[in-house]
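Subject: Structure for you to look at

Hello,

Here is the structure I promised to pass on, with my notes below it. Have a look at it first, and then see whether the notes help you find your way around.

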Amino acid sequence: MPGISHDDQARTWLLRTPASAYGFGLSPDGATVRHLHWGAPIEHEDLNVLAGRPDDPSVQRMAWARQPPAEYVPWGGLRFDEPTLKADFPDGTRTIEWGYDSQLITEEDGATALTLRLRDRRYPLAVELGYRVFTSTDVIERWARIRHTDPGGQPIVLHQALSANWCLPAGDHWRLRYLAGGHVGETQLTDTVLTPGKLVLESRRGITSHQASPWFALDHPGHADETHGEVWSGALAWSGSWKLVFEITQGDRLHVCGGYNDFDSPLALPPGADLVLPVFCGVYGTEGTGGISRSWHDYQLGHVLPRRSGQVPLRPVLYNSWEATGFAVDEAGQGELAELAASLGVELFVVDDGWFTGRTHAAAGLGDWAADPAKFPRGLDPLIERVHGLGMRFGLWVEPEMVNEDSELYRAHPDWVFHFPGRAPAEWRHQLVLNLGRPDVAGWVHAAVDRLVTDHDISFLKWDMNRHFSDPGWPDELGHNPERAWVDHTRNLYAIIDRLRSAHPGLDIESCSGGGGRADLGILARTDQIWASDNTDAADRLLIQDGFTHAYAPAAMMCWVTDSPNPFTGRPLPLSFRFHVAMAGALGIGGDLRRWSAAEREEARQLVAGYQAIRPLVQRGRLYRLASPRDGGFAASQYLSADGGELAVLAWWRPRPYGSYPTALRLAGLDPAARYRDMVTGEEHRARVLMQAGLPLPPRIDYGSQLFHLRRA
Ligand code: GLA
């Protein structure tokens with residue numbers, strides 16, 4: 001049974017998920033929470049045996065061995081590896097010494113939580129280690145709450161405050177897989193074998209970043225692959241600067257700690273205050289990387305993504321104007337696009353950048369969030385009504401954390417941007433970052449967006465953030481820990497979005513940051529979908545999307561069909577290929593429909609209807625990556641309903657010598673005794689044959705594609 005048990009005598013705790021276990025215990029002196037197990041299910045008696053073992057016989061005589069793998073590592077004493085917490089006390093003491101305080105296990109609906117309290121033996125600093133396990137997923141949530149326990153004291157300065165430390169079982173040759181890349185090439189699955197020393201993945205950019213994602217998977221190469229083998233994975237729920245440290249120390253011990261990036265970020269903990277650190281999740285599984293991805297998807301659908309009436313709503317098919325019109329947005333042009341979009345079956349029409357005052361190019365307007373009277377002389381409402389009249393919802397692009405120098409907002413409040421007194425802040429895309437750490441700026445941003453969605457019938461925002469932070473100065477706070485802005489910007493952003501969502505329960509939000517620069521569990525808890533990349537070339541997109549689904553649910557992955565040749569890469573691709581690639585997540589259209597021929601529009605209409613028929617499978621089903629785009633020309637993904645009764649398969653052929661393509665595709669996870677009927681051809685297949693010999697594939701050449709839809713007969 002999933003849950004948490006505590007043995008008071010042995011002073012051990014065992015966390016059970018449906019298919020894994022995680023355990024730790026107190027060291028005899030109560031000073032260390034010793035990590036004992038993360039892996040396959042075990043009994044509490046097994047854990048107590050581990051708790052009774054000496055730490056590491058081979059190195060017992062060395063000082064290092066007196067410091068066993070620990071759940072949460074303060075810097076102090078004989079600790080030489082990466083700490084999770086480092087604090088300076090007012091009297092100059094810079095180390096921490098824990099003592100055990102208390103524990104509390106609470107049952108929640110479908111979950112059990114544990115709070116373990118430790119206190120410094122002398123100074124007014126305490127930590128609560130939080131753990132939560134669920135009956136429905138193997139993902140374990142961990143976090144920490146740091147408390148200053150003397151309201152009458154002096155501030156304590158935290159120089160490093162990470163969320164959790166994950167200890168891996170003994171063993172060498174760890175392979176680390178992670179998501180790296182850049183703008184227009186996000187979430188590329190990357191791997192490396194870890195060797196003694198440290199490997200750091202991080203963002204120092206104020207946002208999650210395009211360059212790396214706070215997610216990892218660890219396994220032993222040769223012992224695990226896409227479909228089988230033990231994998232340990234983790235993901236951080238934080239959208240500001242972050243870091244993950246993978247460190248192998250003496251004795252081949254691997255530990256992974258992560259959380260806020262400490263770079264340039266001392267945090268003063270005021271007397272009596274507390275600091276709740278972001279959730280850092282972990283999951284163990286034995287069904288390879290594919291199984292781990294499914295665990296992450298289930299967790300996000302069950303516990304992270306915003307829900308309505310008890311479940312994550314299906315994402316509407318949207319149209320977005322950006323690639324069609326750029327900044328040349330006006331009522332007539334958008335109306336024309338809306339008519340065409342509606343005729344294809346689009347359900348949500350989104351006006352992208354260019355609609356607000358002065359926004360005729362990237363150098364002006366950001367900050368002035370009212371419709372440009374030159375483009376919308378009658379305001380936004382006539383367009384919104386027209387869109388509603390066409391049976392679609394209406395959405396709008398905003399970039400509320402940003403300002404152009406050429407804007408009313410900047411002219412009124414030049415001091416609201418991040419800057420240092422003696423430097424001109426660097427511009428990027430002609431824009432500067434508003435310091436949301438300032439309560440007045442955060443209040444203004446909230447009010448500006450709230451006004452928009454109150455005054456107009458807007459049910460969707462594409463919330464963009466087109467540059468990384470630089471010059472993170474806050475001159476007014478000199479001497480009062482201005483560096484906290486690195487963290488406070490994101491905390492206040494979260495609070496703004498949370499407030500907007502609770503005041504406007506019908507509002508959906510897409511997280512965008514020049515494409516996929518802000519994709520993580522923290523933003524997924526408060527937005528419905530993520531714009532995965534500005535690169536809309538379907539061939540490139542296969543790799544971006546493949547990486548994305550390793551960590552994040554297809555339901556949250558926004559994908560558009562745009563024009564051919566692709567405006568970004570110049571690559572011409574068939575309409576069906578572009579659609580079939582975009583159907584692998586939440587489908588959207590972003591092309592200039594005015595330039596599509598009647599035949600193309602009719603084909604698009606049919607493809608949209610085809611997607612709508614399989615949408616619950618793609619967005620709520622279980623993803624099996626049957627053939628990886630990383631392996632060559634052919635790629636395919638299967639989406640299976642929870643009861644195994646229905647599935648969709650998307651298959652994509654990329655350039656490869658004729659005759660070298662596979663002739664059949666082995667399906668996965670089906671009910672072996674069942675027969676499945678092809679919903680298009682009516683042909684019936686035996687499940688065992690589909691899983692052993694495979695689904696016969698038609699002969700296709702470069703950039704062919706196919707959607708298969710099967711249902712249990
Ligand atoms: C970013 C987004 C794009 C588009 C533009 C508008 O680049 O990723 O989708 O919204 O901004 O300026």
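Sorted by class, the residues in the shell around the ligand are six charged, four nonpolar and three polar. Please keep in mind that this is a predicted model. The ligand is surrounded by 13 residues, and the closest are Asp352, Asp353, Arg429, Lys462 and Asp534.

Where do polar side-chain atoms come up to an oxygen atom of the ligand? Lys462 places one at 2.7 Å from a ligand oxygen, and Asn466 has one at 3.0 Å from an oxygen of the ligand. Gly515 takes part through its backbone: an N or O atom there lies 3.0 Å from a ligand oxygen atom. As for how much of the ligand is covered, its accessible area on its own is 310 Å², and the protein covers 96% of that.

Next, the barrel. Eight strands make a closed barrel with parallel pairing, and if you want to trace it, the order is E21-E22-E23-E26-E27-E28-E29-E30. From one strand to the next, the twist averages 30°. A good place to look at the pairing is between strand E29 (residues 557–561) and strand E30 (residues 586–589), which run parallel and are joined by four bridges. Within that pair, Val561 has Ile589 of E30 as its bridge partner. Helix H10 (residues 538–551) packs on this sheet, where it touches E29 and strand E28 (529–531). The direction of H10 makes about 165° with that of E29.

Two spots in the loops deserve a glance while you are in this region. One is the peptide bond from Ser564 to Pro565, which is cis, with omega near -5°; Pro565 sits in the loop between E29 and helix H11 (575–582). The other is Asp471, which is not a glycine and yet has a positive phi of about 45°. You will find Asp471 in the loop that lies between strand E26 (460–463) and helix H8 (485–503).

Finally, there is a sheet at the start of the numbering. Four strands form this open sheet in the order E1-E2-E3-E4, and they pair in the antiparallel sense. Strand E1 (3–7) and strand E4 (33–39) are the edge strands; each has a single partner strand, so one side of each is left without a neighbour in the sheet. On average, and ignoring direction, neighbouring strands here are turned by 15° against each other. Strand E3 (residues 20–26) pairs with E4 over six bridges, antiparallel, and Ala21 has Gly39 in E4 as its bridge partner. Helix H1 (residues 44–52) packs on the sheet and touches E1, strand E2 (12–17), E3 and E4. Between the direction of H1 and that of E2 the angle is about 135°.

I hope this gives you a good start. Do write back once you have had a look.

Best wishes

Terms used. Residues are numbered from 1 along each chain as its sequence is written. This is a predicted model: local features need pLDDT of at least 70, side-chain atom pairs count only at pLDDT 80 or more; totals for chains, interfaces and linings use all residues. Side-chain values use heavy atoms; hydrogens and water are left out. Two strands pair if DSSP finds at least two bridges between them. Axes are lines fitted to C-alpha atoms, for helices over the stretch in contact, and angles run from 0 to 180 degrees between N-to-C directions. Contact means heavy atoms within 4.5 Å. A residue is near a molecule or strand if one of its heavy atoms lies within 4 Å of it. A polar contact is a pair of N or O atoms within 3.5 Å; within protein, one must be able to donate a hydrogen and the other to accept it, and residues adjacent in sequence count only if both atoms are side-chain atoms. Accessible areas come from the Shrake-Rupley method with a 1.4 Å probe; for residues, only the protein chains shown count as cover. Ala, Val, Leu, Ile, Met, Phe, Trp, Tyr, Cys and Pro count as nonpolar, Asp, Glu, Lys and Arg as charged, and the others, Gly among them, as polar.
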